[in-house]
Amino acid sequence: MFNKVITKPLLSSLFILAALTTATPATSFAQTAEPGAETPRNLILVIGDGMGFPYLSAYRYFKDGRGMTDRADIEQTIFDQYLVGAASTYPADETLVTDSAAGATTLASGVKTYNGAIGVDPDRDPVKSMMAYANERDMLTAAIATVQVTHATPAAFFTHSESRRLENDIADQFASLDDNGNWRFDLLLGGGEDFFVRPASDEHDAVDHLEYFRNNGMRVVTSFEELATQQRLPLIGLFAERNLPNVIDDQTRLKNMTEQSLRLLNNADKPYVLMIEASMIDWCGHGNDIGCAMHEMAELDELLEFLIPYVEEQGDTALVVTADHSTGGLTLGADGAYQFRAAEVRRQGRALRSMAIDLNDMPWIDWEGYIETHLPYPLSTDQQQAIADVAEYQGDDRRNKINDVLRDILNYHTRAGWTTGGHTGEDVPVIAAGPWADRFRGSQDHTDIANQFIEWIKAH
């Protein structure tokens, strides 16, 4: 059985320098506003959760998809073409490594805080987010995520909690009217129905926030088909009990949710602030699952291929794409081998976590065919023995053991390396498009991104 790869993360300083100084795409769309000439009418912030610079490099090679002997002319991705800067992400403590809650709170408010905090400062006092400022100015507020909407990033833009773990409380806040009798959001899409509809327990009565929403003017949809039929806001769409499936196991959905959101926001004919989270890049990074992560990046690529032309043609909308942190310490090359086998990554057919769940519930006789289908690599004698050993294992952590074996096989054949199952503290990319892209050029902190958005909102 192969040991977990331990390597140090590497960034191409030459690539980053070139991107920061020459990040003008070859093709531009018609613009109706000069850069910096006026305050943008609409604001869109896209957050690739966990998407550090190594994910951009890995995705470039993954998208190219060719074998190791035919790589003389790899094209830039849309991430490369619109890269304008980098941002530091450290929290308000001595760790220098943020979690998603602290990172999202800062991106939403411009205030640094402690890890685990949702919309509160280090003293646990509520901070004012860009969405709250927008609500005061009669701008529409919207958020999209591919995990539950009570998760750290969407929660930090609308709610306040001392701990990100209090997702029931966060759902309660989403389902409450403010002092003026208004909702905290106009549009909210993602997963998390379980947190809004909760059965009775010894400690609590049953909760049905969806019924409360319906009875108080909020439209509720639970399928993408229903979403496409809607014409007016406010609206909440919950499309899974918890998180949506990984893209590698299912299909892309960010572009669809964004297209429908923009249709509804434009129908309302008011300025808006929209936060979009590509949530599960981070989850794949935590699992050290390179194929899973690359399919999540492909979903974000698909979104930006639609969204960037849209923004540039509108001419009145600012778009920034960044990350809250990086995850996993991804390296392209491991075990001393100067290789990253991107073509092998493309052969992976299912997320490692999903495979481990399936195999744990599957008779041993079916394992060989299943693994050959989803990890179609030639297995060494040691790898075959590791699979046989874990198949016989019957401990409570059997599923995790299966996952570990599959991860080692995947990393060996792709040469993806990882330093951790957690977050890392390096700077993250800043990508921007539209007339105001130059405002985010160069080195900055994530507070700078938030403060620029809030400054624009205050000018409305």
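## A buried alanine, a sheet, a pocket and a helix

Ala-104 counts as buried because its relative accessibility is 0%, which is under the 20% limit for that class. The model described here is predicted.

Ala-104 belongs to helix α4, which runs over residues 100–109. Leaving aside residues up to four places away in sequence, Ala-104 touches Ala-152, Thr-153, Ala-156 and Phe-157. One of these contacts shows how the fold brings separate parts of the chain together: Ala-104 and Thr-153 are 49 residues apart in sequence, yet 5.0 Å apart in space from C-alpha to C-alpha.

The next element is a sheet. Strands of a sheet pair through backbone hydrogen bonds, in either a parallel or an antiparallel sense. Here, 10 strands form an open sheet with mixed pairing, in the order β7-β8-β4-β3-β9-β1-β10-β15-β2-β16. Strands β7 and β16 are the edge strands, each pairing on one side only. From one strand to the next, the twist averages 15 degrees. Within the sheet, β1 and β10 pair in the parallel sense over 6 bridges, and Asn-42 stands opposite Thr-317 in β10. Helix α2 packs on the sheet, where it touches β2 and β15, and its direction makes about 70 degrees with that of β15.

The table gives the residue ranges of some strands.

| Strand | Residues |
|---|---|
| β7 | 219–221 |
| β16 | 442–445 |
| β1 | 42–48 |
| β10 | 317–322 |
| β2 | 83–88 |
| β15 | 428–433 |

The largest pocket has a volume of about 570 Å³. It is lined by 24 residues, of which Asn-135, Asp-178, Asn-182, Trp-183 and Arg-184 are the closest to its centre. Helices α5 (130–136) and α6 (152–158) each supply at least two residues of this lining. The largest share, 4 residues, comes from α5.

Helix α16 illustrates how a helix can have two unlike faces. In this helix, residues 367–374, the buried residues are Trp-367, Tyr-370, Ile-371 and His-374. Seen down the axis of α16, these buried residues fall within an arc of 95 degrees, so they line one face of the helix. The face turned away from that buried side carries the exposed residues Glu-368, Glu-372 and Thr-373. What covers the buried residues of α16? The cover includes α15 (352–360), α17 (381–392) and α18 (398–414).

Terms used. Residues numbered from 1 in each chain as written. Predicted model: local features only at pLDDT ≥ 70, side-chain atom pairs only at ≥ 80, totals over all residues. Heavy atoms only, no water. Buried < 20%, exposed > 50% of the residue type's maximum accessible area, 1.4 Å probe, protein only. Arc of directions from axis to C-beta. Contact = heavy atoms within 4.5 Å. Pairing = 2+ DSSP bridges. Axes fitted to C-alpha atoms, helices over the stretch in contact; angles between N-to-C directions. 1 Å grid on protein atoms, 1.4 Å probe; cavity = no way out; pocket = protein on both sides within 12 Å on 5 of 7 lines; lining within 4 Å. Points joined across faces, edges and corners; volume = space filled by probe spheres on them.
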